Amino acid sequence: MSRLGLTDPEREARLLSRIIETISAGLDLGEIVQGVAALITETTETDICFVHLLDDTGRRLVLRGATPPFDELSGQIELDLGEGVAGWVAAHGRPVVIDDDKLADPRYKYIPELRGEDFTSMCSVPIAARPGHLVGVLNVHTRVHRVFTYADVELLHSVGGLIAGTIENARLHGLLAEREEAMERFAERVVLAQEAERRRLAGEIHDGISQRIVSLSYHLSAALDALAPETPPPGGGRTVTDLRVAAEQIGRARALADDALRETRSAIEGLRPPVLDDLGLPASLASLARSFPSLAVEADLVPLRLPGHVETAIYRVAQEALSNVAKHSGAGSALISLAVRSGNVELEIEDDGVGFDPSRLAERPAPTGYGLGGMRERAELLGGRLEVHSRRGAGTLLRVVIPVRDLA
Ligand SMILES: Nc1ncnc2c1ncn2[C@@H]1O[C@H](COP(=O)(O)OP(=O)(O)O)[C@@H](O)[C@H]1O
Ligand SMILES: [Mg+2]
């Protein structure tokens with residue numbers, strides 16, 4: 001039995017001060033845990049140290065740090081509360097010492113990767129900043145037999161208490177960083193969506209509307225030229241042919257003006273369907289439902305008003321979903337419903353057509369604004385989600401769930 005305990009006061013002081021040094025160094029969680037494991041074995045004459053931390057659910061322990069060579073298993077060993085010695089310590093909040101013959105202890109669980117057969121004695125203590133506030137479990141093992149005294153256990157417990165707050169902070173810090181990153185990605189996607197919308201609008205103005213106006217102006221010039229040529233023909237007066245040419249040119253110009261007007265309307269409609277302003281969302285959806293000649297769409301829509309951008313998004317999704325039903329499903333009828341359930345607006349479009357395998361589309365890049373990818377994007381930009389339930393031969397149910405705080 002080794003006499004080199006954890007309880008040598010000098011060692012103890014050195015361990016605690018070096019641990020404080022490690023945790024104040026502001027490293028990331030993995031580095032802190034790894035550093036602490038190394039310090040503990042080094043200072044306490046134990047052979048290995050495992051640090052198991054509770055995961056975000058608080059229901060499972062995950063190995064987050066260990067002395068080499070077990071550091072390579074970090075993230076790979078998981079235990080439920082109550083499973084194995086560490087799980088038992090986590091569930092009960094009390095330390096466990098097993099001096100010998102671990103296999104005989106009902107709490108012990110043999111995990112081949114951790115090579116329990118190479119080690120004889122072990123001590124396992126909760127890592128908790130205060131009682132009942134468990135962060136994880138710290139285990140030390142020795143190759144040779146060792147009696148862990150009450151003072152040893154107390155010291156390990158203090159180490160656990162010292163690192164608990166830091167671990168908790170590092171975890172919170174990680175969560176915050178993750179959230180910040182998600183916000184950044186979100187902002188980026190908003191900008192991309194805006195850019196795509198601007199490009200679409202610019203394209204429609206450039207390729208459609210301004211081209212029409214250019215030709216319109218050309219036809220008007222031709223008409224003008226026929227009626228009042230810059231160099232009048234000898235004899236002056238306009239012939240019947242001139243008048244016919246002018247009339248024809250003006251006729252073409254008018255047709256182009258009509259086209260330009262139609263295209264302007266549709267470009268604006270691309271921004272916000274005017275029907276929404278006139279009728280509100282439920283009536284607009286009802287009118288949309290009636291606009292597919294080959295499809296009998298039953299509508300079940302609660303009366304409600306939502307912020308303009310949410311209405312636009314829902315309308316667009318319904319529009320695309322119903323055209324998908326008409327285009328792809330082969331169904332003769334469909335159902336559209338709009339409802340409010342536990343703080344969410346839910347839009348559902350259901351058909352009993354041919355169905356498809358949504359997982360095969362998952363990787364398809366989504367051109368912003370269109371198709372299933374565009375629908376998902378619209379829903380996610382509003383903090384919601386798109387669900388596609390479909391199977392070949394079993395129809396399709398598409399559901400968009402969007403959280404809305406104040407339902408007007
Ligand atoms: N209601 C539906 N019934 C059957 N297949 C569908 C339905 N909706 C979508 N799909 C399938 O999913 C594919 C992707 O749809 P979408 O992203 O809207 O692109 P697009 O309509 O341009 O093909 C469609 O090509 C079709 O195969
Ligand atoms: Mg489509």
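Strand 2 (residues 60-66) and strand 3 run antiparallel to each other and are joined over three bridges. Helices and strands here are DSSP runs numbered from the N terminus, helices being H or I of at least four residues and strands E of at least two, and two strands count as paired if DSSP finds at least two bridges between them. One of the bridges puts V62 opposite E78 of strand 3. The model is a predicted one, so to speak of a local feature takes pLDDT of at least 70 and to count a side-chain atom pair takes pLDDT 80 or more, while totals for chains, interfaces and linings use all residues. Residues are numbered from 1 along each chain as its sequence is written, and chains are lettered from A and ligands numbered from 1 in the order in which they are written.

The pair belongs to an open sheet of six strands, ordered 3-2-1-6-5-4 with antiparallel pairing. Strand 3 (78-80) and strand 4 (96-98) sit at the edges with a single partner strand each, so one side of each has no neighbour in the sheet. From one strand to the next, the twist averages 25°. Helix 3 (residues 84-92) packs on this sheet and touches strand 1 (48-54), strand 2, strand 3, strand 4, strand 5 (121-128) and strand 6 (134-142). The direction of helix 3 makes about 35° with that of strand 5; axes are lines fitted to C-alpha atoms, for helices over the stretch in contact, and angles run from 0 to 180 degrees between N-to-C directions. Contact between two residues means C-beta atoms, placed from the backbone, within 7 Å.

Between strand 5 and strand 6 there is a loop that holds P131. P131 is exposed, with 9 other C-beta atoms within 10 Å; the cut-offs are 20 or more such atoms for buried, 12 or fewer for exposed, and partly exposed in between, with C-beta atoms placed from the backbone. From C-alpha to C-alpha, P131 lies 9.8 Å from R94, although the two are 37 residues apart in sequence.

Further along the chain comes strand 11 (residues 396-403), whose side chains alternate. T396, L398, V400 and I402 point to one face and are buried, whereas L397, R399, V401 and P403 point to the other and are not. Strand 11 runs antiparallel to strand 9 (residues 344-351), with eight bridges between them, and E346 stands opposite V401. Strand 11 is also antiparallel to strand 10 (residues 385-390), this time through six bridges, one of which pairs S390 with T396. Strand 10 and strand 11 make a hairpin with five residues between the strands, where G393 takes a positive phi near 80°.

Then there is ligand 1, with 14 residues around it, of which N324, H328, S329, G371 and L372 come nearest; a residue is near a molecule if its C-beta atom, placed from the backbone, lies within 6 Å of it. Helix 8 (308-329) and helix 9 (371-381) are the elements that give two or more residues to this shell, and helix 8 has the largest share, five residues.

Overall, the protein chain has nine helices and eleven strands. Its radius of gyration, taken over C-alpha atoms, is 36 Å, well over the 22 Å that the globule rule gives for 408 residues, so the chain is more spread out than a compact globule. That rule is 2.2 Å times the number of residues to the power 0.38. The C-alpha trace spans about 130 × 50 × 40 Å along its principal axes, and buried residues make up 29% of the 408.
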